[in-house]
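Here are a few exercises to try with the model open in your viewer. Have a go at each task before you read its solution.

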Amino acid sequence: MAREKLVVVGNGMAGCRAVQEVLKREPDRYDITIFGAEPRVNYDRIMLSPVLAGEKSFDDIVINDAGWYRRHGITFHSGVAVTEIDRDARVVRGAGGVEAPYDRVILAMGSDPIRLPLPGVDLAGVVTFRDLDDVEAMIAAAKPGARAVVIGGGLLGIEAAYGLARRGMAATVVHLMDVLMERQLDASASFLLARALVDRGVETVLGANSQEILGENGRVSGLLLKDGRTLPCDILVMAVGIRPNAALARAAGLEVNRGVVVDDAMRTSDPLILAVGECAEHRGQCYGLVAPIWEMCQAVGDTLTDRDGAYRGSALSTRLKVSGVDVFSAGKFGGGEGCEDIVFRDAARGVYKRVVIEDGKVAGAVLFGEAADGAWYFDLMRKGEDVTDIRETLIFGQTITEGLRGLDPNAAVAAMPDEAEICGCNGVSKGTISAAILEKGLASLDAVRGATKASASCGSCTLLVEKLLSLNLGAGFQAETGPKPVCKCTHHGHAHVRSQILAESLKSIPAVMQALAWTTPDGCSSCRPALNYYLLCAWPGDYRDDAQSRFVNERVHANIQKDGTYSVVPRMWGGLTSAAELRAIADVVDKFAIPTVKCTGGQRIDLLGVKKEDLPAVWRDLNAAGMVSGHAYGKALRTVKTCVGTDWCRFGTQDSTGLGVKIEKALWGSWTPAKVKLGVSGCPRNCAEATCKDIGVICVDSGYEIHIGGAAGLHIKGTEVLGKVATEAETLEIIAAITQLYREEGWYLERIWKWMERVGLERIRAAIMDDPEGRAALYRRFLHAQSFSQIDPWAERAADSGPNDFTPMAVLPAPVPAE
Amino acid sequence: MNACAPTIDYDWRDVGDVNDIPRRGARRVTSARGDIAIFRTGDDKVFALMDRCPHKAGPLSQGIVHGHAVACPLHNWTIDLATGEPTGADAGKGCAPTVPVRIEDGRVLLAHGPDGHGG
């Protein structure tokens, strides 16, 4: 009987693997013909990254050499692209008049890299990262000292950049998203990856929109970003994604969606034609990873040999091929509804692990820095095994967990071997801790920290150390309560967080969360605004403010009201205004039909009931009349209330109005732990009510009395006198220095009076009044910070016309009712 | 519960690019039945709820997004984005109705019309 004819379109990993699966089952059933557009034998495309990095050669990655085709009697049309599948004549036609009649066809055309339609995309030196030709083009350009830009911070883009860096180039990855490999990693893992890449010569630019590829003499010379930055480069690699290569199938009249649509038997809409690999679309899903492709090939083998086999979709896991960077990701790594996160961070070793549990089973995992247990988690996930009984130790990995299965948490800790490492930061084993507890009679967490350093760094093993204390001491151990944690996401208090930000040069929210072992992936509405403020205060000019970590009022520069409208308060320096300003305010009130206009306690005018979409226009009009944001919404300098002083008042002793204006001009724009309100009174009659403000000044004949720590809200408290000085200049410096000290020491949402209660008036007096050098240094730091913060947010917002908070994203019309 | 993707054939409306919603942020879509809040979480999931907190009708789109939850800007109730229900101490006190939403090729598609809540 004549053999059936099997024609394979595509000589890549999927096509050849499918052939192997057929040969494995029935080696003599088919006469096989393979078309390959690339003039090479079958090689492992996945391993192109190590070839680029110089860690492997092409020969190392060949899967099937010429002998394989010969041994199996395969006709191989190398370098011949297929041009047509004629389903009526049952013939596959290739370039140059090659024809192959068929009984069955396997489509394995793979995918094409996406080329962004940017101006300059056709310049020499702009390449994609798909086949050996691309790799060779990159290697040719990779002279030491040359610069490479890679667009795309996905798996492939990062591997390309790493490979180029290994070849001696300075590589930069430009990514549209804020998270590298966002389909595989969460923000924490992405942060660690970016850090590890820097050590390997790869810079990353996140949240970057590419605008144009620049060229000189027909060759790429740089990439222009939408924000105006230019990244010079000698080679530009586009690694922004792949598109299933389905044109041939579409032309042949097969059903094509994103890819060639196949059923569970891998048959296309024509049952004689199968599709496999990246060109196929199965149950709405296209795959770009190798593991699912191998599973598809098994189903192809079964179908073509009349066996019952079916592909039912794949669970995915990913590993990054960058030497020394251990990354693993699988499943619902980002969690979701009904999911629970178990997070482990070891700041010292740069380890981050997150295992997601759903209905008592592992639903996903992302591991960074220590990914050996990835396969185990993936296995638990695919088997859908119940892990409730090993939840306590799951995050420590397979070795520890398997040994302890079936024990309660205390017993599990008791059963851990003595050499098990409890504290990853300081390398302290269980045996060392237990011995110290018993031999030195330690009875508290702090004592253990002091004696062994266990739990003294990131603190993520605190619970384990406490369990060891209670195991060794029984009822004698009482878990202590340390400083009140910032929120439920951490066990660290504000003071520790602030000091670690400085001590470890932590410069982003993910960096803090990693170093201090936050137990949630991206914090909560309590800790994020606090961290944002602490970072802003610690690294003026350096830290990029995170709008999404600010309360709405500070994001939209207005005060949200009970009905979702906003109130707008223009700044009136020292409470002074003018006819022109009042006229502009009146015009705005009319124009935008603002329902309520009211005087505030801080001598300002409050416009209430402004619709959110009107805010930018309201600001524009107020800006045009010379007014700026009054920050009446922020944890910031609010107002300096004044009386009329020597200008008009017959009792005035100094120019209190003028001083108030000067103070407000010096302090406006500064962000503080909580709101800051000031008052300046021109005599002890105190008409500006300065003695219930956060900071107050009472003018007297001989100078200025400086007051601090008043409150007139939920708590009522008169100020304390900090000291007295003779000149306006000293007063200004002292007030700025107090503000800076409070900015640096205050806990988020802690008003000045509470901070003073905590640290003591004497401590503040010593730092400000008794230490002229310290005070001058505080003053300098304040001025430095102010040089970055005195920007009117209204003008900034009103000028920005891009996608924003203020306009709705879309307006849906009312649906037409059904007949 | 809205854990599963809806199987009804909604009339899906393209309301914009997913990148117009900041990570850990939200945008509004106005509709005849009231504003709809579309959230994008830190791990790039997208959810949609009617933009009214079950407590005092605060605009949830203006809250701080953390994990798969949002803190209402008025009184800090924490609302689960997938169910629209308050969590923690306020669990069981009403809900913000969910609106089916999905992402296709980077576009945000919102269910619209009699079957969805969007109309």
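**Exercise 1.** Find the residue just after H8(A) that takes a positive phi, then work back through the helix and describe its span and its buried residues.

*Solution.* Step one: the residue is A:Asp306, with a positive phi of about 55°. We're in a predicted model here, where local features need pLDDT of at least 70, side-chain atom pairs count only at pLDDT 80 or more, and totals for chains, interfaces and linings use all residues. Residues are numbered from 1 along each chain as its sequence is written, while chains are lettered from A and ligands numbered from 1 in the order in which they are written.

Step two: check the span. Helices (H or I, at least four residues) and strands (E, at least two) are DSSP runs, numbered from the N terminus. The expected span of a helix is 1.5 Å times one less than its number of residues. For H8(A), residues 290-304, the 15 residues should span 21 Å, and the end C-alpha atoms are 21 Å apart, so the two agree.

Step three: look for burial. A residue is buried if 20 or more other C-beta atoms lie within 10 Å of its own, exposed if 12 or fewer, and partly exposed in between, with C-beta atoms placed from the backbone. Among the buried residues of H8(A) are A:Pro292, A:Ile293, A:Met296 and A:Leu304. Their cover includes strand S1 (4-9) and helix H1 (13-25) of chain A.

**Exercise 2.** Now do likewise for H5(A): how many of its residues are buried?

*Solution.* Start with the span: H5(A), residues 155-166, has 12 residues and reaches 17 Å from its first C-alpha to its last, close to the 16 Å expected. Then count: 12 of the 12 residues are buried, so H5(A) is largely enclosed by the rest of the structure. That list includes A:Glu159 and A:Arg166. Finally, step past the end of H5(A), where A:Gly168 takes a positive phi of about 95°.

**Exercise 3.** Which residues have the most contacts inside the largest nonpolar core?

*Solution.* A nonpolar core is a set of buried Ala, Val, Leu, Ile, Met, Phe, Trp, Tyr and Cys residues joined through C-beta atoms within 7 Å. The largest has 142 residues, and those with the most contacts inside it include A:Ala161, A:Val237 and A:Val512. Next, zoom in on A:Val237: leaving aside neighbours within four places in sequence, its contacts (C-beta atoms, placed from the backbone, within 7 Å) include A:Phe129, A:Ala148 and A:Ala160. Apart from this core lies another, of 55 residues, among them A:Ala558 and B:Phe47.

**Exercise 4.** How many residues of chain B are in contact with chain A, and which strand supplies the largest share?

*Solution.* First the count: 42 residues of chain B touch 32 of chain A. S2(B) supplies the largest share of chain B's side, 5 residues. By type, that side divides into 14 nonpolar, 17 polar and 11 charged (Ala, Val, Leu, Ile, Met, Phe, Trp, Tyr, Cys and Pro count as nonpolar, Asp, Glu, Lys and Arg as charged, and the others, Gly among them, as polar). Last, look at pairing, which needs at least two DSSP bridges between two strands. S41(A), residues 810-811, and S2(B) pair in the parallel sense over 2 bridges, with A:Val811 opposite B:Thr30.

Notes. Two residues are in contact if their C-beta atoms, placed from the backbone, lie within 7 Å.
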